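Colleague: I have the file open and would like to talk it through with you before I set anything up. Could we start with the strands?

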Amino acid sequence: MNRIHIVSNRLPFSINLKDDQIDLIPSVGGLATGMRSVYKEYNGKWIGWPGLPSDDIDDGLADRIEKKLFEEDCISVHLSKREIELYYDGFSNRTIWPLFHYFAQYIDYDPELWEAFVNVNKKFADKALETLEEGDTIWIHDYQLLLVPEMIKSKKPGVTIGFFLHIPFPSFEVLRILPWRKELIQGMLGADLIGFHTYDYQRHFFSSVRRLMGYEISFNQIQIEDRIIIVDAFPMGIDYDKFKKAASDIFQKPLQEKSKLHRELEKYFLLSPDRKLILSIDRLDYSKGIPNRLKAFAKFLKDYPEFVGKVTLIMLAVPSRGTVEHYINLKKEVEELVGNVNGQFGNINYTPVWYFYRSMPFESLIELYSSCDVALVTPVRDGMNLVAKEYVASRTNRTGVIILSEMAGVAKEMGEALIINPNNINEIADSIKQALTMPLDEQRERMIFLQDRIKRYDVFKWSSEFVKSLSRMENIQNSLHAK
Ligand code: GDG
């Protein structure tokens with residue numbers, strides 16, 4: 001196979017500027033981990049925004065950053081503050097994100113945002129086209145770049161294009177609300193291979209293609225004149241071994257090397273051995289169902305008062321999109337609910353919810369995953385949800401229970417979790433009780449199946465399966481053109 005390039009909104013590095021020095025800090029997220037192995041192995045480039053608005057850096061510094069990134073085979077797309085405001089905070093996160101997560105009431109229909117989205121997608125496509133040669137392959141990521149596949153295909157039809165959507169694809173009845181729905185579908189159809197996390201998103205996509213464009217679909221193929229487009233489900237995995245290893249390392253550390261958080265958690269259990277911890281980790285996003293989770297925890301404490309004083313919910317809410325109005329309101333709502341639960345059920349020795357509004361280092365995340373008896377993952381919509389998989393990978397003693405929303409893509413792979421409807425507060429409250437009282441044998445039985453599955457289809461398997469399908473597409477394309 002020829003070169004494979006990656007395009008995503010962000011490059012897999014953030015830039016740290018100190019005095020005259022430029023440091024590139026590698027991202028540790030799932031996408032960066034999975035894709036790093038791909039573009040390095042196939043001698044490609046990674047094209048994306050380096051995370052600094054171009055207005056903040058003079059030309060000299062921009063050149064130096066560019067060179068430094070180029071040493072890592074990364075190519076920057078420069079975006080001004082205004083472009084970020086309109087394209088990223090704007091159309092991506094105020095229009096597409098709520099639409100694709102079924103929050104129709106939050107959608108911003110401003111044509112100025114759409115115009116910026118088109119222009120910035122063109123900037124990404126043009127930057128990629130400077131590097132692309134006929135015969136190359138390119139893998140484009142996510143909802144911020146939905147128009148890029150077509151923008152590239154129309155200029156260089158001999159390039160094999162893959163597109164992967166990390167968020168849900170909504171049903172046609174929801175997608176049609178958007179004035180620019182046809183343009184989005186057209187943009188995606190520039191790709192030769194389109195991937196979603198689940199078969200349901202794939203089905204929704206097909207129904208939009210049929211209804212909006214009138215194209216025929218057979219099995220998982222769309223035929224458009226002399227082109228064939230394959231659409232498939234590729235459920236994204238995690239770097240399972242990294243989480244497993246990090247979790248087992250924690251328990252082997254001598255006491256003096258354990259982190260403050262770890263020692264605090266141990267102290268918590270020492271106070272009373274029948275104490276339990278429930279974990280909740282997300283970006284602070286309305287799609288994650290955080291208010292319902294707090295309401296359900298309050299209901300649980302009310303319905304099962306024997307657990308008051310014995311169960312604590314650790315809630316980590318990572319700051320996200322803090323300039324968008326609905327996120328600002330959500331933060332207020334969550335803080336008020338945390339205050340209510342703690343005010344109603346807490347006392348001097350007991351705080352029912354430990355709330356952290358910040359991001360934590362990887363090690364702390366692992367400490368939380370491995371110390372908490374239950375993971376509460378209750379999004380109202382979620383493309384996949386990697387937190388659920390990371391919790392499973394970090395349970396080295398094979399105990400622990402996941403309460404999981406049926407609205408998360410990951411629920412399709414986790415039948416052994418306690419599956420709930422995220423709007424059913426009573427059901428979540430009862431599931432908390434069930435999880436906390438589940439016999440250890442049953443926990444292990446369920447966890448063994450989950451671990452086995454999540455380990456087998458990890459992030460490397462996910463990316464290699466996608467690359468394999470891309471290579472098949474390249475062959476199909478070549479044979480079609482040879483005719
Ligand atoms: C989108 C889709 C889809 C969280 N807090 C901290 C931290 N994290 C890491 C977790 C996990 C990641 O962030 C969150 O991933 P999710 O999958 O749960 O959610 P989104 O950010 O919404 O991701 C989602 C995903 O794309 C992949 O396709 O699953 O559906 O919405 O990896 O570990 N990491 C650190 N500190 C934190 O405080 N270090």
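Colleague: Which residue in β16 is the bridge partner of V374?

Modeller: In this model, which is predicted, the bridge partner of V374 in β16 is V401. The two strands, β15 with residues 374–377 and β16 with residues 401–405, pair in the parallel sense over four bridges. Further along, V377 stands opposite L404 in β16.

Colleague: And what does β15 pair with besides that, say β12?

Modeller: Two bridges join β12 to β15, and these strands also run parallel. I278 is the residue that stands opposite V374 in β15, so V374 is placed opposite I278 of β12 and is bridged to V401 of β16, with the pairing made, as in sheets generally, through backbone hydrogen bonds.

Colleague: Are the faces of β15 covered or open?

Modeller: Both faces of β15 are covered, with V374 and L376 buried on one side and A375 and V377 buried on the other. That split fits the general pattern in which the side chains of a regular strand alternate between the two faces of the sheet.

Colleague: What is the strand order of the sheet they sit in?

Modeller: The order is β14-β13-β12-β15-β16-β17, an open sheet of six strands with parallel pairing. The edge strands are β14 (353–357) and β17 (418–420), each of which pairs on one side only. Neighbouring strands of this sheet are turned against each other by 15° on average, direction ignored.

Colleague: Back to V401 for a second. What is M438 in contact with, apart from its sequence neighbours?

Modeller: Leaving aside the neighbours within four places in sequence, M438 is in contact with V401 and Q443. M438 and V401 are 37 residues apart along the chain, and their C-alpha atoms are separated by 8.2 Å. M438 itself lies in the loop between α15 (425–436) and α16 (440–456).

Colleague: Why does M438 count as partly exposed?

Modeller: M438 has 17 C-beta neighbours inside 10 Å, and therefore counts as partly exposed; the cut-off for buried is 20 or more.

Colleague: Changing topic to the ligand: which residues come nearest?

Modeller: Of the 20 residues around the ligand, H166, S359, G383, M384 and L386 come nearest. The residues of the shell divide into eleven nonpolar, six polar and three charged.

Colleague: Which elements each supply at least two residues of that shell?

Modeller: They are β12 (276–283), β13 (311–318), α13 (362–371) and α14 (386–393). The largest share, three residues, comes from α14. Both β12 and β13 belong to the six-stranded sheet we went through above.

Colleague: How many residues of α13 are buried?

Modeller: Seven of its ten residues are buried, and α13 is mostly covered. The buried ones are L365, I366, E367, L368, Y369, S370 and S371.

Colleague: What about the sheet of nine strands, what is its order?

Modeller: That one is an open sheet in the order β5-β4-β1-β6-β7-β8-β11-β10-β9, and its pairing is mixed. β5 (74–76) and β9 (217–218) stand at the edges, each with a single partner strand, so one side of each is left without a neighbour in the sheet. Within this sheet, β1 (residues 4–10) and β4 (residues 46–49) run parallel and are joined by three bridges, and V7 stands opposite I47 in β4.

Colleague: Which helix lies across β1 and β4?

Modeller: Helix α4 (residues 111–131) lies across β1, β4, β5 and β6 (137–141), and runs at about 155° to β1.

Colleague: And how is β2 joined to β3?

Modeller: Six bridges join β2 (residues 13–18) to β3, and the two strands run antiparallel. F13 has P26 of β3 as its bridge partner. The hairpin has two residues between the strands, and D19 takes a positive phi near 50° there. β3 (residues 21–26) is hardly covered, with a count of zero buried residues among its six.

Colleague: Last one, on the whole protein: how many helices and strands are there?

Modeller: There are 17 helices and 17 strands. The radius of gyration is 23 Å, close to the 23 Å that the globule rule gives for 483 residues, so the protein is as compact as a globular protein of that length. Buried residues make up 45% of the 483 residues. Among contacts between residues at least 6 apart in sequence, 78% join residues at least 24 apart.

Notes:
Residues are numbered from 1 along each chain as its sequence is written. This is a predicted model: local features need pLDDT of at least 70, side-chain atom pairs count only at pLDDT 80 or more; totals for chains, interfaces and linings use all residues. A residue is near a molecule or strand if its C-beta atom, placed from the backbone, lies within 6 Å of it. Ala, Val, Leu, Ile, Met, Phe, Trp, Tyr, Cys and Pro count as nonpolar, Asp, Glu, Lys and Arg as charged, and the others, Gly among them, as polar. The radius of gyration is taken over C-alpha atoms; the globule rule is 2.2 Å times the number of residues to the power 0.38. A residue is buried if 20 or more other C-beta atoms lie within 10 Å of its own, exposed if 12 or fewer, and partly exposed in between; C-beta atoms are placed from the backbone. Two residues are in contact if their C-beta atoms, placed from the backbone, lie within 7 Å. Two strands pair if DSSP finds at least two bridges between them. Axes are lines fitted to C-alpha atoms, for helices over the stretch in contact, and angles run from 0 to 180 degrees between N-to-C directions.
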